[in-house]
Amino acid sequence: MGEAHRIVVKVGSSSLTTASGGLDADRVDALVDVLAKVRSAEREVVLVSSGAIAAGLAPLGLRRRPTDLARQQAAASVGQGLLVARYTASFARYGVRVGQVLLTSDDMSRRAHHRNASRTLDKLLAMGALPVVNENDTVATDEIRFGDNDRLAALVAHLVRADLLVLLSDVDGVYDGDPARPGTARVAEVRGPGDLAHVEIGSAGKAGVGTGGMVTKVEAARIAAAAGVQVVLTSAVHAADALGGGDTGTYFHPTGRRSADRLLWLQHASTPQGSITLDDGAVRAVVQGRKSLLPAGICGVEGEFSAGDPVELRDRAGRAVARGLVNFDAKEIPLLIGRSTHELARALGPGYEREVVHRDDLVVLLP
């Protein structure tokens with residue numbers, strides 16, 4: 001970890017704000033002190049920062065994070081400016097320029113948006129700026145309802161080809177039980193899913209200003225590790241130790257290699273627009289044989305989607321076995337069910353002699 005050159009650091013709301021909302025300037029400055037020191041060693045840093053909604057609570061007179069979408073978006077609108085202004089002022093103490101990058105899952109799933117985000121982040125780093133990334137909570141909906149920035153941080157780590165992802169929160173690692181109970185121990189290393197099989201992973205923290213919990217952090221760590229990125233999960237107060245390669249938090253060993261960008265977003269950031277049901281033979285071909293999905297293996301379709309949209313591939317029991325980019329509109333699929341590509345070409349034209357989902361645009365969801 002101490003030798004990682006390009007690093008993505010994610011910090012949660014509870015590490016930046018007070019329990020009643022509003023930014024804690026001392027906490028922000030303490031984090032910036034650590035990151036500025038890392039950059040002085042000619043290492044590159046991308047900061048994925050939560051805190052926009054939490055920062056907007058106090059200025060709007062809200063005691064806790066609201067549950068309705070409209071007030072969450074209003075708080076994000078007020079808080080995002082305060083958050084970036086605080087980072088800008090704090091990093092300016094070290095002569096570091098800050099660049100704001102607001103993303104939604106749409107930016108990670110649409111190819112053109114994905115390329116633009118990648119170019120922007122690369123150029124900011126090349127020009128010596130420190131990107132501060134956040135979800136665009138002011139206009140996003142799914143991100144506010146379901147997400148913390150943990151998954152976003154894992155995807156950004158892959159996007160910028162990071163060597164290390166550091167997830168900072170108010171807990172100093174994964175524990176094999178409730179950290180408040182005597183006798184529980186920190187899990188120092190995770191080499192695979194089996195290392196956490198016995199661990200009961202908790203939910204969101206006590207502060208009530210964020211949406212994430214240990215579940216989202218562990219899932220983010222697994223996503224990044226599967227893409228070949230080493231991950232350390234610890235508390236914000238131990239950030240310096242983590243970035244220096246010290247024995248702190250929980251270290252997730254890389255479990256896979258970097259995959260194609262489109263496959264990572266397809267599995268972890270895309271929203272399926274419908275589903276296609278496969279017969280048993282097609283399930284085996286897709287899951288075990290890593291083959292393309294052909295029309296002959298289809299036995300049902302649901303939803304409204306267009307060619308190029310992500311869809312789920314399900315078995316007869318309704319279990320999602322894969323996800324892919326479909327080559328036909330939903331209204332065309334019933335014409336294809338159970339028929340060979342040669343038969344379709346003779347009956348409907350040569351444009352129908354192709355896969356419904358090509359294997360290069362498909363990810364298997366089962367182990």
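How many bridges join strand 1 to strand 5, and which way do the two run? I began there, working from a predicted model. I found 5 bridges between strand 1 (residues 6-11) and strand 5 (residues 164-169), and the two strands run parallel. For one pair I went down to residues: Val 11 has Leu 168 of strand 5 as its bridge partner.

Next I looked up the sheet as a whole. I counted 8 strands in an open sheet, ordered 3-4-2-1-5-7-8-6, with mixed pairing. Strand 3 (98-103) and strand 6 (189-190) are at the edges with a single partner strand each, so each has one side without a neighbour in the sheet.

Then I turned to helix 1 (residues 25-40). I see it lying across strand 1, strand 2 (44-49), strand 4 (130-135) and strand 5. Its angle to strand 2 is about 155 degrees.

My pocket entry is on the second largest one. I noted a volume of about 590 Å³. Its lining takes in 22 residues, and nearest the centre are Ala 226, Gln 267, His 268, Val 363 and Val 364. Helix 8 (214-226), helix 10 (261-268) and strand 13 (362-364) are the elements that give two or more residues to this lining. Sorting the lining by class, I get 12 nonpolar, 4 polar and 6 charged residues.

Last, I checked confidence. The protein chain has a mean pLDDT of 88, with 90% of its residues at 70 or more. I flagged residues 204-211, where pLDDT stays under 50. For that stretch the model has 25 contacts beyond four places in sequence.

Definitions and conventions:
Residues numbered from 1 in each chain as written. Predicted model: local features only at pLDDT ≥ 70, side-chain atom pairs only at ≥ 80, totals over all residues. Heavy atoms only, no water. 1 Å grid on protein atoms, 1.4 Å probe; cavity = no way out; pocket = protein on both sides within 12 Å on 5 of 7 lines; lining within 4 Å. Points joined across faces, edges and corners; volume = space filled by probe spheres on them. Helix = DSSP H or I, 4+ residues; strand = E, 2+ residues; numbered from the N terminus. Nonpolar A, V, L, I, M, F, W, Y, C, P; charged D, E, K, R; others polar. Pairing = 2+ DSSP bridges. Contact = heavy atoms within 4.5 Å. Axes fitted to C-alpha atoms, helices over the stretch in contact; angles between N-to-C directions. pLDDT = per-residue confidence, 0-100.
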